Amino acid sequence: MENLMTELGAALTGDPEDRKAALDALWAGIDPSDHAARCIAAHFIADAQEDLGVEVEWDELSLAESLHVSDAELQAIHPTMSVAGFMPSLYLNLADGYRRQGRFEEAADKLQTSRDFDFALDDPQQEAAGYSAMIRGGQQKVAELIAARDTTKVAQDGAPPA
């Protein structure tokens, strides 16, 4: 999919009432053999879900698709992406979803796997973009919430939703 990031951005920032239809249409337009596009799209679609179970299913799908993706395929979509560099985020999202479901042991396992890929965050492109700090901050926050057995949804800025 040639303009996946642009299409995802438009779907995710569009009118909330039209978001589901836009994301469904985008997903339907991705060739089932395009694992890179499916991996990235599922990762972002997960974040747009209101139902936690559905969100986790999308995160699990994104991770499953990542097993069939190469760096070159990801870089065709976004030039700074790599499989190893994407793994901390994929596993972090899944850890957070499991935590919010009260699946603390599974959450801790996925969080550890996220951290196992932190070596990829040391790439200067990732550091310059602020991606490394964002992921490491997320890992720390999720670790604290797992330790506290807290299932509260936390907003993107780290504060619990109002």
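Me: Which residues are linked with Glu-55 in a network of salt bridges?

Reply: Asp-96, Arg-99 and Arg-100 are linked with Glu-55 in that network. Keep in mind that this is a predicted model.

Me: What makes Arg-100 and Glu-55 a salt bridge?

Reply: Their side chains meet at 3.0 Å, N to O. The cut-off is 4 Å between a side-chain nitrogen of Lys or Arg and a carboxyl oxygen of Asp or Glu. The pair has an Arg and a Glu at 3.0 Å, so it counts as a salt bridge. In general, side chains of opposite charge can pair when their charged atoms come close.

Me: Where in the chain do Arg-100 and Glu-55 lie?

Reply: Arg-100 is in helix α6 and Glu-55 is in helix α4. They are 45 residues apart, and the pair links distant parts of the chain.

Me: Are Arg-100 and Glu-55 buried or exposed?

Reply: Arg-100 is buried, and Glu-55 is buried as well. That label is given under 20% relative accessible area.

Me: How do you know that Asp-96 forms a salt bridge with Arg-99?

Reply: Their closest N and O atoms are 2.8 Å apart. The limit is 4 Å, so the pair qualifies. Asp-96 and Arg-99 are both buried.

Me: Why are Asp-96 and Arg-99 separated by about one helical turn?

Reply: Because they are 3 residues apart in helix α6. An α-helix has 3.6 residues a turn, so residues three or four places apart point the same way.

Me: How many salt bridges does a search of the whole structure find?

Reply: It finds 8. One of them joins the side chains of Glu-105 and Arg-149, at 3.1 Å, N to O. Glu-105 lies in helix α7 and Arg-149 in the segment after α9, so this pair ties together parts that are 44 residues apart in sequence.

Me: Why is Glu-105 called exposed?

Reply: Its relative accessibility is 57%. Exposed means over 50%, so Glu-105 earns the word.

Me: Why is Arg-149 called partly exposed?

Reply: Arg-149 has 47% relative accessibility. Partly exposed runs between the 20% and 50% limits, so Arg-149 falls in that class. Arg-149 also has a positive phi of about 55°, although it is not a glycine.

Me: How do you know that the span of α4 is close to the expected one?

Reply: Helix α4 covers residues 52–66, which is 15 residues. It reaches 21 Å from its first C-alpha to its last. The expected span is 1.5 Å times one less than the number of residues. For α4 that expected value is 21 Å, so the two agree closely.

Me: What caps the N-terminal end of α4?

Reply: Asp-51 does. A side-chain oxygen of Asp-51 lies 3.0 Å from the backbone nitrogen of Gly-53. The limit for a polar contact is 3.5 Å, so that distance fits.

Me: What covers the buried residues of α4?

Reply: The cover includes α2, α3 and α6. Among the buried residues of α4 are Val-56, Trp-58 and Leu-63.

Me: What makes Trp-27 and Trp-58 an edge-to-face pair?

Reply: A search of the whole structure finds 3 aromatic pairs. In this one, the rings are 4.8 Å apart, centre to centre, with 85° between the planes. Pairing needs centres within 6.5 Å, and edge-to-face needs planes over 60 degrees apart, so both tests are met. Trp-27 is in helix α2 and Trp-58 is in helix α4, 31 residues apart.

Me: Why is Trp-27 called buried?

Reply: Trp-27 has 17% relative accessibility. Buried means under 20%, so the label holds. Trp-58 also counts as buried, at 17%.

Me: Why is the pair of Tyr-91 and Phe-117 called stacked?

Reply: There are 10° between the planes, and the centres are 6.2 Å apart. Stacked means under 30 degrees, with centres within 6.5 Å, so the pair fits. Tyr-91 lies in helix α6 and Phe-117 in the loop between α7 and α8, so the pair ties together parts that are 26 residues apart in sequence. Tyr-91 and Phe-117 form one aromatic cluster with Phe-119.

Me: Why does Tyr-91 count as buried?

Reply: Tyr-91 has 14% relative accessibility. The limit is under 20%, so Tyr-91 is buried. Phe-117 has 23%, so Phe-117 is partly exposed.

Key. Residues numbered from 1 in each chain as written. Predicted model: local features only at pLDDT ≥ 70, side-chain atom pairs only at ≥ 80, totals over all residues. Heavy atoms only, no water. Buried < 20%, exposed > 50% of the residue type's maximum accessible area, 1.4 Å probe, protein only. Helix = DSSP H or I, 4+ residues; strand = E, 2+ residues; numbered from the N terminus. Contact = heavy atoms within 4.5 Å. Polar contact = N/O pair within 3.5 Å; in protein donor to acceptor, adjacent residues only side chain to side chain. Phe/Tyr/Trp six-rings, centres within 6.5 Å; stacked < 30°, edge-to-face > 60°.
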